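Me: Here's a model I'd like to get to know properly. Pick one spot, look at its backbone and its surroundings, and then walk me from there through whatever else stands out.

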Amino acid sequence: MTMPVSSQQKTIHEAALATSYVVPDVTSRKNQGLAHAEDYTLPQPLDRYSDQDHQTWEQLYQRQHALLPGRACDAFLAGMDLLPMGANRIPVFEELNEVLHQATRWRIVAVHGLIPDEVFFTHLSQRRFPVTWWIREPDKLDYLQEPDVFHDLFGHVPLLMNPVFADYLQAYGLGGVKAQHLGALPMLARLYWYTVEFGLLKTSAGLRIYGAGIVSSRTESLYSLESLSPNRVGFDLLRVMRTRYRIDTFQKTYFVIDDFQQLFAATAPDFTPYYEDLSKRPALGAGELIASDEVLQRGDQSDWSDTADI
Ligand SMILES: [Fe+2]
């Protein structure tokens, strides 16, 4: 069955959390004969990129690059301008790192694909962002099951040039290491999902995208901002951590932050009492609204493929 285009990347987190996760065929095929280190990294295998791979990058890059001005937030667009990342070829990670490290002391590291949670969190906590090195096949431009270099790099790395967001992501990694011991990963995964992957930002010029799952998807870039179907709700940390999410459709609810400082401040306290509190309350459906919500838009559900989990 072909799933809706939506968030072309079902992410790292969701898939990695499934204990029975099976490495998809494409990941195995692309990595055949390539070893990785104990921390799951490998040197970016530049010689494995074909001309077709670079063309696929070019096509995706040009499409999103044209679509995002006026839709992606300024910090994302500024980060992209500063990084040595263009349309003509898949970027060389080491060239990106020279600029990225200078700006925020982050580095990207090449990985085969999805990696175990504890490894993922440890990398983030040490300001290393794991990036899948390979790119999707040309017949799967709009849908793939797992992250590839376009999602991981184009979607995530420009914002790592922003000092506040860069600190937020490191704090998230540190929180993840801790959450594992507290059995709280599902709650923390929701926070990642609704911010790092599918977050929207309020600006004086209107809503803007900062989530990587949106900026790397043509269709969700349009839907997240323009559709009347989804709810758009002001960010509230505990509310977000109670909210289930869908990996097989567009989001039914987007959470909107005022600025990155709000995110960083909300996630600064120790989460241990939050997890305790949340464990006593039922989770909320992906499309559900509650009385305490700051509702920016009540979705009319008109484009939803189903009304499950509302
Ligand atoms: Fe992602």
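Reply: Let's start with Gln301, which is partly exposed at a relative accessible area of 31%. Bear in mind throughout that this is a predicted model. Gln301 sits in the segment after β8 (295-297), and what caught my eye is the backbone: phi is near 65°, a positive value in a residue that isn't glycine. Most residues other than glycine have a negative phi.

Arg105 is another case worth checking. Phi there is near 65° too, again positive and again not in a glycine. Arg105 belongs to the loop between α5 (93-104) and β2 (107-111). As for solvent, Arg105 counts as exposed because its relative accessibility is 54%, whereas Gln301 is partly exposed at 31%.

Follow the chain out of that loop and you land in a sheet. Three strands make it up, in the order β1-β2-β3; the sheet is open and the pairing mixed. β1 (41-42) and β3 (128-132) are the edge strands, each with a single partner, so one side of each has no neighbour in the sheet. Five bridges hold β2 to β3, and these two strands run parallel. If you want a register mark, use Arg107, which stands opposite Arg128 in β3.

There's also a hairpin, in which two residues connect β4 to β5. Here strand β4 (residues 200-203) and strand β5 (residues 206-209) are joined by four bridges and run antiparallel. The register mark in this case is Lys202, opposite Leu207 in β5.

Now for the metal. The iron ion has three protein donors, His151 (NE2), His156 (NE2) and Glu197 (OE), at 2.0 to 2.2 Å. Read along the sequence, the donor residues follow the spacing H-x4-H-x40-E. His151 is part of helix α7 (residues 149-156) and Glu197 part of helix α9, so this pair ties together parts that are 46 residues apart in sequence. Neither end of that tie is out at the surface: His151 and Glu197 are both buried.

That brings us to the packing, and α9 turns up again. The largest nonpolar core has 85 residues, and the ones touching the most other members are Trp57, Phe76, Phe129, Leu153, Leu191 and Tyr210. Helix α9 (residues 185-197) contributes the most to this core, with nine residues. In soluble globular proteins, nonpolar side chains tend to be buried together.

Tyr210 gives a feel for how such a spot is built. Beyond four places in sequence, Tyr210 touches a long list of residues, among them Cys73, Leu159, Phe165, Tyr194, Val196 and Leu201. The contact list of Tyr210 also reaches Ile257, Phe260 and Leu263.

Two other members of that busy group, Trp57 and Phe76, also show up in an aromatic cluster, where ring pairs link them with Tyr61, Phe150 and Phe154. Over the whole structure the search finds 22 aromatic pairs. One of them is Phe120 with Phe121, a tilted pair with centres 5.9 Å apart and 50° between the planes. Both rings belong to residues away from solvent: Phe120 is buried, with a relative accessible area of 1%, and Phe121 is buried at 0%.

Phe121 lies in helix α6 (residues 117-125), and there's a long-range approach here that you'd miss from the sequence. Val177 is 56 residues away along the chain, yet the C-alpha atoms of Phe121 and Val177 are 5.8 Å apart.

One last stop is Lys30, in helix α2 (residues 25-30). Is this lysine buried or exposed? Lys30 is buried, because its relative accessibility is 14% and the cut-off for buried is under 20%. The side chain does have a polar partner, with a 3.0 Å polar contact between the side chains of Lys30 and Glu137. Setting aside neighbours within four places in sequence, Lys30 is in contact with Arg48, Asp53, Trp133, Trp134, Ile135 and Glu137.

Key
Residues numbered from 1 in each chain as written. Predicted model: local features only at pLDDT ≥ 70, side-chain atom pairs only at ≥ 80, totals over all residues. Heavy atoms only, no water. Buried < 20%, exposed > 50% of the residue type's maximum accessible area, 1.4 Å probe, protein only. Polar contact = N/O pair within 3.5 Å; in protein donor to acceptor, adjacent residues only side chain to side chain. Contact = heavy atoms within 4.5 Å. Core = buried A, V, L, I, M, F, W, Y, C linked by side-chain atoms within 4.5 Å. Phe/Tyr/Trp six-rings, centres within 6.5 Å; stacked < 30°, edge-to-face > 60°. Pairing = 2+ DSSP bridges. Donors = N, O, S within 2.8 Å, 3.2 Å for Na, K, Ca; no water.
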